[in-house]
Number of protein chains: 4
Amino acid sequence: MSGRVDLVARVRRFVERHCIPLESKAHVHDPAALDAALAQLRPVARELGLYLPQMPVEQGGLGLSWVERAAVFEEAGRSYLGPAALNCAAPDQPNMISLLRQGTPEQQRRYLRPLAEGRMRSCFAMTEPAPGAGSDPSMLCTTARREGGGWVIDGHKWFITGAVGAAFCIVLAQTGEGPTQFIVDMDNPGLECVRAIRAIDPYAVGGHGELRFTACRVAADAVLGEVGRGFVYAQQRLEPARLSHCLRLMGRARRALEAAQAYVRERSSFGDRLADLQQIQAMVADCHIDLHASRLMSLDCARRMDEGLAVKTESAMTKVFVSEALNRIADRAAQMCGALGMSEDDSPVALILRELRPFRIYDGASELHRATLGRRFLSSKT
Amino acid sequence: MSGRVDLVARVRRFVERHCIPLESKAHVHDPAALDAALAQLRPVARELGLYLPQMPVEQGGLGLSWVERAAVFEEAGRSYLGPAALNCAAPDQPNMISLLRQGTPEQQRRYLRPLAEGRMRSCFAMTEPAPGAGSDPSMLCTTARREGGGWVIDGHKWFITGAVGAAFCIVLAQTGEGPTQFIVDMDNPGLECVRAIRAIDPYAVGGHGELRFTACRVAADAVLGEVGRGFVYAQQRLEPARLSHCLRLMGRARRALEAAQAYVRERSSFGDRLADLQQIQAMVADCHIDLHASRLMSLDCARRMDEGLAVKTESAMTKVFVSEALNRIADRAAQMCGALGMSEDDSPVALILRELRPFRIYDGASELHRATLGRRFLSSKT
Amino acid sequence: MSGRVDLVARVRRFVERHCIPLESKAHVHDPAALDAALAQLRPVARELGLYLPQMPVEQGGLGLSWVERAAVFEEAGRSYLGPAALNCAAPDQPNMISLLRQGTPEQQRRYLRPLAEGRMRSCFAMTEPAPGAGSDPSMLCTTARREGGGWVIDGHKWFITGAVGAAFCIVLAQTGEGPTQFIVDMDNPGLECVRAIRAIDPYAVGGHGELRFTACRVAADAVLGEVGRGFVYAQQRLEPARLSHCLRLMGRARRALEAAQAYVRERSSFGDRLADLQQIQAMVADCHIDLHASRLMSLDCARRMDEGLAVKTESAMTKVFVSEALNRIADRAAQMCGALGMSEDDSPVALILRELRPFRIYDGASELHRATLGRRFLSSKT
Amino acid sequence: MSGRVDLVARVRRFVERHCIPLESKAHVHDPAALDAALAQLRPVARELGLYLPQMPVEQGGLGLSWVERAAVFEEAGRSYLGPAALNCAAPDQPNMISLLRQGTPEQQRRYLRPLAEGRMRSCFAMTEPAPGAGSDPSMLCTTARREGGGWVIDGHKWFITGAVGAAFCIVLAQTGEGPTQFIVDMDNPGLECVRAIRAIDPYAVGGHGELRFTACRVAADAVLGEVGRGFVYAQQRLEPARLSHCLRLMGRARRALEAAQAYVRERSSFGDRLADLQQIQAMVADCHIDLHASRLMSLDCARRMDEGLAVKTESAMTKVFVSEALNRIADRAAQMCGALGMSEDDSPVALILRELRPFRIYDGASELHRATLGRRFLSSKT
């Protein structure tokens with residue numbers, strides 16, 4: 001256990017000494033600049049024994065349980081460079097899990113190993129623009145039909161985080177036998193990355209791509225897992241992915257809070273130090289209460305996952321609460337910083353505000369989870 | 001552990017079979033009627049092995065740890081009769097702890113034993129009307145001066161829960177040597193229970209009394225604990241008392257939610273079953289999320305207390321969050337029930353709403369805790 | 001105009017000198033005690049020229065326009081006795097309007113005149129317990145069938161405000177020709193007031209009755225308005241009724257705020273006067289902002305009604321906003337008063353909190369209005 | 001009046017046909033690109049008779065009263081290009097008012113006329129970084145001392161909206177005789193625009209500059225108004241400036257709402273059109289309620305200003321309410337649009353969200369106004 005505690009302290013130190021000093025507004029909406037920063041940070045992380053905390057030891061990881069990951073992910077998340085520097089950021093992190101679970105040995109050799117070693121990046125192509133699959137996967141419009149011994153994929157995807165500069169994508173497409181996962185190399189001539197969508201969150205590694213599959217041919221061995229089980233895999237992917245987001249983004253919100261606290265300790269107005277004003281004190285208290293509750297809900301999920309228990313309901317409740325709570329924290333932090341909190345050059349707070357906003361939408365909007373949860377509670381007898 | 005789980009199920013059964021059927025609007029603001037109900041319920045609780053869960057075995061209790069108490073208190077709390085039926089309700093529960101810790105053997109014989117056995121009730125007299133001690137104990141106006149071998153107490157107290165029908169009170173008074181706790185028999189001629197305050201919460205066992213101490217003489221052995229250490233004892237009392245409130249009142253809020261869920265499952269409006277409407281589903285989801293977070297925060301406090309860790313900060317954060325969350329739950333439950341939720345005769349919800357409202361004020365208003373917490377976080381370097 | 005300003009000042013004086021001194025906890029859930037207080041107050045109001053402000057001069061009223069009524073109703077509403085003392089309280093006020101618009105000369109002679117003169121009270125029986133008409137009038141289960149030259153009414157109503165001690169009710173019942181309004185004398189042998197429902201709001205004049213119509217025979221001239229147009233009349237009744245509620249209850253919320261302001265100006269804690277604490281200042285500011293917005297929205301509705309414009313949408317928006325805002329005000333007022341705010345004996349605040357709570361449900365729950373408004377905005381092209 | 005109504009329709013048409021088609025992500029943080037767009041739009045606005053609505057006719061304006069301006073500003077505000085295209089955007093709009101009121105004929109000739117004609121832009125330099133004047137003007141650190149016949153200004157300003165590309169600034173500096181306004185040409189060698197601050201709001205005309213005054217010499221006639229009355233002028237400037245912001249930004253929030261409404265009318269998920277889901281309907285309703293209340297509060301201020309009444313309190317209440325309400329509207333609009341609402345390329349919503357965020361801080365943070373308002377209400381006897 002003391003090794004784990006020490007690990008958290010070492011991650012914190014790594015973030016303070018290596019990641020934060022490298023943070024730069026030049027990274028905003030610039031995947032290449034981000035990749036360059038990561039290329040600098042990952043060797044350091046590896047040398048310090050912090051790399052790949054979530055993967056099994058045999059894959060080169062630290063083999064941490066979910067509970068152990070919790071504090072590590074939160075500490076890494078204080079910098080937007082931290083999780084990717086440790087190679088525990090989305091979408092590579094869940095893609096590695098998918099390849100580990102559903103990949104053939106050959107797929108693992110070709111895709112999992114270089115991902116784990118940080119030699120390539122990847123993306124996961126599920127979301128489609130209207131009228132395709134947004135939060136409702138059953139509206140999937142992308143298709144794959146068998147032809148020759150292989151498949152031909154046609155379709156349109158967007159908000160595909162990590163697409164710019166990725167080596168391959170895992171794409172979800174409808175087949176005659178049901179939704180299916182395929183691995184497609186990004187340089188496949190039938191796959192075009194139309195553009196990088198400029199989203200409100202400024203720092204996505206690999207941006208948010210819009211992809212078009214046009215008569216995109218792949219071989220039979222491009223299928224990941226079993227044909228027709230694509231939704232099942234997507235579901236399995238979702239719960240750990242959500243929890244990982246919660247953990248990492250708690251670090252981001254905490255960073256904003258730390259910046260706000262430092263500011264109000266120094267700044268005065270109308271004869272009072274801001275930290276001595278009750279409204280500021282109340283905002284600080286509410287931030288810590290939100291953070292405390294977020295942490296406990298996330299830890300509870302982590303514990304259940306380590307114990308192999310179902311977390312369908314807990315994970316959805318946690319996602320809703322944490323995403324809303326972290327946005328409240330960042331909003332209060334910005335408010336406490338006044339004009340400084342609105343400058344993207346002079347404080348990390350404004351950009352954290354932008355970074356956290358989509359979390360209330362991505363991975364299922366809060367409203368969707370509330371409706372689903374409500375129906376579930378109302379149909380059970382609890 | 002399975003014995004503990006079983007215990008929770010047995011408490012639940014006791015509440016369903018014995019407490020809820022005895023609930024009656026005749027108990028509203030009628031301490032005598034409440035006492036009569038308890039006299040009926042306590043022997044059953046004792047027989048079923050559910051009595052005094054929080055006290056050590058040697059005092060006739062079940063010797064539960066804080067973590068073990070958590071689910072038991074919540075289940076008991078589903079009925080307003082439950083906690084008192086098990087003799088784990090305030091103010092007797094914290095008074096027993098004070099007597100256990102600070103009482104002389106003789107005080108324990110005279111006061112603790114009959115309290116534990118349910119043969120008498122007690123109260124704790126700290127709060128004073130303006131300009132005395134409300135949330136700020138340093139404003140204590142009640143005094144005790146040495147005279148003869150004993151003490152003479154003068155002062156004015158109000159919102160003294162449990163006062164009506166109590167056999168004794170523990171009163172906090174200022175002495176030349178500092179604030180001090182005294183045990184005063186309620187039939188002391190210098191102590192008058194001026195009235196029972198009709199507060200918004202309808203079911204306080206023993207009501208909320210207003211007490212006047214006029215040249216109230218007590219012997220030297222009326223001092224509980226050491227002279228001058230009254231505030232220290234009051235502080236020690238506070239944290240477990242808060243947590244116990246959180247646990248019991250979670251049961252009350254859950255009861256309101258259960259009633260609302262049952263109603264919306266049956267009731268239709270404009271062609272839809274209420275349970276099929278998204279706004280209702282979202283309210284139900286938010287209630288469960290609030291309850292889940294409340295439970296995890298309370299359990300975390302309980303675990304820390306069992307481990308002997310400090311909970312000063314956690315207990316205050318928990319009190320603020322849980323009191324606000326439970327009020328949101330009851331409010332949503334009432335709203336879901338429509339007119340039915342406004343009737344105090346036809347559903348438990350309206351009275352639960354009234355019962356929970358003061359929890360945001362008693363034991364320190366949310367605003368007070370927020371200011372204190374904020375200052376603490378801002379003066380530390382976290 | 002100066003006469004109108006003066007009128008508001010005179011209403012304020014009447015409330016301060018006559019109504020508030022008569023307020024008493026003995027009125028809680030005691031319609032007879034309330035009636036006795038009104039019997040004392042109405043002659044004074046009449047003598048002071050304040051009586052019946054909303055009725056035409058030819059009916060003995062002051063003939064105020066809606067805009068003129070606004071400030072008068074708000075001032076009257078500061079005391080729970082005020083509106084009824086001026087005979088501008090629900091349900092008599094909207095019943096007078098219905099009788100004025102739809103009543104035959106004979107019905108006006110028999111029912112409107114004594115109502116206006118304050119010689120009798122009335123009620124309006126629409127709401128039914130599940131599975132009948134709650135917020136959805138189309139679920140109306142009460143029926144009226146023609147028999148002999150008259151009608152026979154059967155059905156079950158509840159939450160019929162004003163029923164206890166009323167001389168007659170206007171009841172909505174389904175007929176073969178559509179929903180229809182009937183005037184039924186309360187002493188009709190086929191009509192039983194089963195009980196007064198103890199609702200969370202403590203001061204309803206005439207309480208909230210549960211009525212049972214069992215083969216209740218009425219003559220042909222009991223029909224109010226045209227057969228089959230009951231819903232149209234109920235709709236017409238609703239918009240002015242809602243606005244009147246908003247106006248009167250703003251006075252109640254303001255009363256709570258005044259009490260809280262007076263308290264925090266005097267009370268100190270931890271070395272500060274409460275009024276000097278920023279959290280208190282922010283609560284006070286938010287109360288005034290809520291009140292200001294509520295007033296402007298109500299006045300805008302009043303102006304539109306005076307100009308004969310449609311207020312379907314504005315009236316619903318106003319009802320939602322004002323009911324939620326007034327509840328926030330009362331809640332903050334209670335919170336500012338601490339324990340005092342929880343005592344129903346020592347401050348008006350706790351009972352105002354109870355009085356205002358149902359306003360978010362009665363006359364259409366906020367959720368219902370939101371869904372209807374949302375649909376309307378989404379189907380229009382605005 | 002019909003001319004005014006027609007004016008609003010014409011502004012709406014201008015915005016639809018000319019401004020919105022010119023909107024481009026190339027304008028984000030690019031003052032030069034914005035200026036180019038304005039150079040294209042202003043002649044059209046002038047030709048259509050929509051230019052300079054707020055200025056007196058003798059200054060080439062339309063001479064609208066505040067009430068008349070309200071709807072015009074809101075319509076113009078639907079596009080971020082609208083208000084500047086009509087030359088009624090901050091900071092030029094309030095600067096023109098200052099020059100009109102306090103300027104000498106020569107100052108008006110040199111600065112007001114070209115501003116009004118759109119031949120130059122200006123800025124207002126008050127805010128300073130810590131420890132200077134933020135929300136508290138008394139902390140003013142910039143100084144001006146008399147030397148020769150003129151003045152020498154030294155100081156540091158930031159968040160000076162409009163600075164990039166401005167021809168002159170009005171700067172507030174401390175003198176021995178009190179705070180004083182000076183007009184300084186931006187090409188003064190003692191004045192450097194250090195940088196444009198990249199703030200969260202993307203479209204400020206002229207950006208947000210950081211300015212450094214180093215031994216900046218100006219002639220005696222650079223003083224605007226009287227020496228020592230700078231704060232009085234700044235105060236006078238504030239109230240109309242706030243109201244103008246409210247009016248313009250209501251248009252922005254409405255634009256976001258319109259986009260969201262259009263989206264949910266088309267988009268389906270899980271078998272339902274989003275517009276048919278109650279949670280969406282409730283969000284739409286709450287947006288319209290917030291907008292309705294914001295409009296009425298702004299109009300009330302406008303009316304008072306037209307009547308020459310004080311609006312100190314009303315203007316602060318309006319600023320707090322409207323800034324918070326508009327942020328709620330934009331946030332709900334983004335949430336309704338899902339992933340689309342997060343794209344800055346595919347919908348205006350995400351950028352409107354960023355644009356509105358600072359409004360809760362600029363012109364006095366909500367917390368500051370709440371404290372000030374609370375104190376004012378608590379010290380008066382209302």
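This passage describes how the chains of a predicted model are related and how they touch. Residues are numbered from 1 along each chain as its sequence is written, and chains are lettered from A in the order in which they are written. Because the model is predicted, local features need pLDDT of at least 70 and side-chain atom pairs count only at pLDDT 80 or more, while totals for chains, interfaces and linings use all residues.

Symmetry offers a helpful starting point. Chain A is superposed on chain D by a rotation of 180° with 0.0 Å of shift along the axis, giving an RMSD of 0.0 Å (a least-squares fit on the C-alpha atoms of residues with pLDDT of at least 70 in both copies). This is the relation of a two-fold axis. The residue of chain A that comes closest to the rotation axis is Arg354(A), whose C-alpha lies at 4.0 Å.

Turning to the touching surfaces, four residues of chain A are in contact with four residues of chain C, where contact means that C-beta atoms, placed from the backbone, lie within 7 Å. On the side of chain A that touches chain C there are two nonpolar, two polar and no charged residues (nonpolar: Ala, Val, Leu, Ile, Met, Phe, Trp, Tyr, Cys and Pro; charged: Asp, Glu, Lys and Arg; polar: the others, Gly among them). Since 100% of the interface residues of chain A are also interface residues in chain C, the copies meet through the same surface.

Note on methods: Two residues are in contact if their C-beta atoms, placed from the backbone, lie within 7 Å.
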